[in-house]
Amino acid sequence: MKFAVLLLSYLLGSIPVGYIVCKLGKGINIMEHGSGNIGFTNVLRVAGPLYGAVVLLGDTGKGMLATYLGLKYGIQWGILGGIAAMLGHSFSIFLKLRGGKLVATGLGVLIILAPKVALTALAVWLITLAFTRYVSLSSILAGISVPIAMLAYQEPLPMVVFGAFAAGFVVIRHKSNIRKLMAGQEYKIGQKVDPK
């Protein structure tokens with residue numbers, strides 16, 4: 001049953017909320033517009049704030065639900081359920097193993113596992129965004145803050161290891177954004193992408 005929960009968590013994470021919302025609401029394949037990503041930021045730029053909000057809530061919610069299901073069998077299974085959801089979001093079985101950059105889904109996982117760490121990471125994200133207007137940089141720094149906050153709040157070792165994994169995963173998923181940031185070509189929040 002425990003492994004069935006992990007499979008369910010992966011399938012939950014795999015639900016491509018951004019793809020579905022844009023297909024049903026706008027009649028477009030979001031993967032063919034803007035940055036091609038199915039996450040909140042690209043949907044916000046291409047389809048607008050209402051669609052972006054739905055995607056943010058949906059992606060966060062699936063991370064929360066998957067982690068909650070795993071926690072019924074203990075903290076380790078909660079962590080594994082969260083990881084499964086994050087992997088599903090980034091490598092969706094419904095999109096030929098393509099997907100998003102896991103920030104919203106990872107936030108959902110943290111909300112269930114470590115609410116104080118989630119709030120800290122969200123604060124880092126908001127402060128960085130306010131000063132730089134770069135969502136990608138905000139996400140990277142928020143991800144890096146997770147294991148640091150885990151240590152600061154004296155979370156147990158499995159949580160710290162999870163935090164380090166999540167931070168590394170976020171950085172790796174944003175490698176193209178890092179290149180654009182270094183080249184001065186990254187979009188800032190508020191720059192709307194023509195949906196073509």
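Q: How many aromatic pairs does a search of the whole structure find?
A: Good place to start! This is a predicted model, and searching the whole of it turns up three aromatic pairs.

Q: What describes a pair of aromatic rings?
A: In general, the distance of the centres and the angle of the planes describe such a pair. Here, take F3 and W77: their ring centres are 5.3 Å apart and their planes stand at 85 degrees. Planes over 60 degrees apart count as edge-to-face, so this pair is edge-to-face.

Q: Which parts does the pair of F3 and W77 tie together?
A: F3 belongs to helix α1 and W77 to helix α5, so the pair links parts that are 74 residues apart in sequence.

Q: Are F3 and W77 buried or exposed?
A: For this we look at relative accessibility, where under 20% is buried and over 50% is exposed. F3 has 64%, so F3 counts as exposed. W77 has 16%, so W77 counts as buried.

Q: How do the axes of α1 and α5 cross?
A: Look at the approach of the axes, the angle and the handedness. The axes of α1 (residues 2-14) and α5 (residues 75-90) come within 6 Å, crossing at roughly 35 degrees. The crossing is right-handed. On the α1 side, K2, F3, L6, S9, Y10, G13 and S14 make the contact, and on the α5 side W77, L80, G81, A84, A85, L87, G88 and H89 do. Sorted by character, the contact residues are eight nonpolar, six polar and one charged.

Q: Where do F165 and F169 lie?
A: Both are in helix α9 (residues 157-173), four residues apart, which is about one turn of the helix. Their ring centres are 5.6 Å apart and the planes meet at 50 degrees, so this pair is tilted. With 33% relative accessibility F165 counts as partly exposed, while F169, with 10%, counts as buried.

Q: Which residues form one aromatic cluster?
A: F91, F165 and F169 form it. There is also a charge to notice at F91: the charged end of R173 sits over the F91 ring, 5.0 Å from the centre of that ring.

Q: What is V103 in contact with, leaving aside its neighbours within four places in sequence?
A: Setting those neighbours aside, V103 is in contact with S139, V170 and H174. V103 itself is in helix α6 (residues 103-113) and, at 27% relative accessibility, counts as partly exposed. As a further landmark, the C-alpha atoms of V103 and G18 are separated by 13 Å, with their positions 85 residues apart along the chain.

How values were computed. Residues are numbered from 1 along each chain as its sequence is written. This is a predicted model: local features need pLDDT of at least 70, side-chain atom pairs count only at pLDDT 80 or more; totals for chains, interfaces and linings use all residues. Side-chain values use heavy atoms; hydrogens and water are left out. Axes are lines fitted to C-alpha atoms, for helices over the stretch in contact, and angles run from 0 to 180 degrees between N-to-C directions. Helices (H or I, at least four residues) and strands (E, at least two) are DSSP runs, numbered from the N terminus. A crossing is left-handed if the near helix is turned anticlockwise from the far one by less than a right angle, and right-handed if clockwise. Contact means heavy atoms within 4.5 Å. Ala, Val, Leu, Ile, Met, Phe, Trp, Tyr, Cys and Pro count as nonpolar, Asp, Glu, Lys and Arg as charged, and the others, Gly among them, as polar. Rings of Phe, Tyr and Trp (its six-membered ring) pair if their centres lie within 6.5 Å; planes under 30 degrees apart count as stacked, over 60 as edge-to-face and the rest as tilted. Buried means under 20% relative accessible area, exposed over 50%, partly exposed in between (1.4 Å probe, protein chains only). A charge sits over a ring if NZ of Lys or CZ of Arg is within 6 Å of the ring centre and within 35 degrees of the ring normal.
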